[in-house]
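Student: I have the sequence and the coordinates open. Can we go through what the descriptive words rest on?

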Amino acid sequence: MNEDANQDDFSLTRLFGLEGKTALVTGGSSGLGLHMARGLLQNGVRVVIASRSEEKCSAALGELAGLGDVVAVAANVTKADAREVLVSEITKRFGSLDILVNNAGANWGAPLDQYPDEGFAKVIDTNLNAVFALTRDLVPVLAKSASADLPSRIINIGSMDGIHVPIVQRVPTFAYSASKAALHHLTKALAVELGHKNITVNAIAPGFFESRMTDHVFEHYLKDIEDDCPLHRIGRPEEIVGILLYLASRAGAYTNGAVIPVDGGTSISKGKREWTL
Ligand SMILES: NC(=O)c1ccc[n+]([C@@H]2O[C@H](COP(=O)([O-])OP(=O)(O)OC[C@H]3O[C@@H](n4cnc5c(N)ncnc54)[C@H](OP(=O)(O)O)[C@@H]3O)[C@@H](O)[C@H]2O)c1
């Protein structure tokens, strides 16, 4: 039974308010991670961002500092010692963690006969192994602030390429799509495992958005990409931040184990051709 005296209050503040929460955004120094860090800060969340490059961390900090309580930690999430530093920084700063955004990601494109073992391993290591390891290491800190009423949240950034076979076949990205499909499944397995600790686990599966990762692809294939999307465009930053805020909020507390495509319908589309009968 829900005995919350405010249960009939459907105001945006109660449903979506995040003031005072704490979050870690991996890969928060650029692209989607930087947008999400900004969105969280603008809504009163205290944020730690992490990425490998000190330079990118301090540039991002320069952009975000005026928005609220934010620090940047240079940490490679594929390395156990760097993950330890992150966990201890979070414990020291916040004592507990409400929102973990596993966003850091890598890609590698090459034709099948030239696809190198080290490229495959690097992508799986960053997009899958590191997410598992960091999540495992942070569960005790996430559990500390979690309650049945307001669970802590793990939000994994997957990809529409983990749902369908990528459309831009001229740049084959075998490891990337395999890593994201596995991440989606890991999301569901962890959702079942961690529900009883009052931690939800969901994935956002973006379509194409502007970032360092997509710069090169857009340079050559933007028109194909737009043509393959039923909405005929790429995504906007607010469309990733919006779904993140939902998943992090009271409104999203009962969503668990979901993989939510944010791709304008691209992953369910086979393209539309003119009817020429
Ligand atoms: N943009 C899109 O269209 C799109 C579509 C679907 C999914 N995604 C996913 O969205 C996420 C963000 O990608 P993005 O497009 O925003 O690309 P991006 O701008 O290249 O951002 C990637 C971020 O991850 C960090 N990073 C990479 N390896 C890391 C590691 N080992 N340890 C810590 N940080 C690491 C990078 O910083 P450092 O270089 O400093 O480490 C950077 O901050 C990825 O998971 C990607 O797969 C993006």
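Tutor: Start with burial, and keep in mind that this is a predicted model. Of the protein's 277 residues, 42% count as buried.

Student: What makes a residue count as buried?

Tutor: A residue is called buried because 20 or more other C-beta atoms lie within 10 Å of its own. In this protein, 42% of the 277 residues meet that cut-off.

Student: How many helices and strands are there in the protein?

Tutor: The protein has eight helices and seven strands.

Student: Why is the protein called as compact as a globular protein of its length?

Tutor: The globule rule gives 19 Å for 277 residues, and the radius of gyration is 19 Å, so the protein is as compact as a globular protein of that length. Along the principal axes, its C-alpha atoms fill a box of roughly 60 × 45 × 35 Å.

Student: Which residues touch the most other members of the largest nonpolar core?

Tutor: That core has 58 residues, and those touching the most other members are Leu-24, Ala-37, Val-47, Ile-49, Val-101 and Leu-244. Helix 5 (residues 117-144) supplies the largest share of the core, eight residues.

Student: What does Ala-37 touch?

Tutor: Leaving out residues up to four places away in sequence, Ala-37 touches Val-25, Gly-28, Val-47, Ile-49, Leu-64 and Val-70. Contact here requires C-beta atoms within 7 Å.

Student: Which residues come nearest to the ligand?

Tutor: Gly-27, Gly-31, Arg-52, Gly-105 and Ser-211 do, out of 29 around the ligand. Helix 2 (31-42), strand 2 (46-51) and helix 7 (212-228) each give two or more residues to that shell. The shell divides into ten nonpolar, 16 polar and three charged residues.

How values were computed
Residues numbered from 1 in each chain as written. Predicted model: local features only at pLDDT ≥ 70, side-chain atom pairs only at ≥ 80, totals over all residues. Near = placed C-beta within 6 Å. Helix = DSSP H or I, 4+ residues; strand = E, 2+ residues; numbered from the N terminus. Nonpolar A, V, L, I, M, F, W, Y, C, P; charged D, E, K, R; others polar. Rg over C-alpha atoms; globule rule 2.2 N^0.38 Å. Buried ≥ 20, exposed ≤ 12 C-beta atoms within 10 Å, placed from the backbone. Core = buried A, V, L, I, M, F, W, Y, C linked by C-beta atoms within 7 Å. Contact = placed C-beta atoms within 7 Å.
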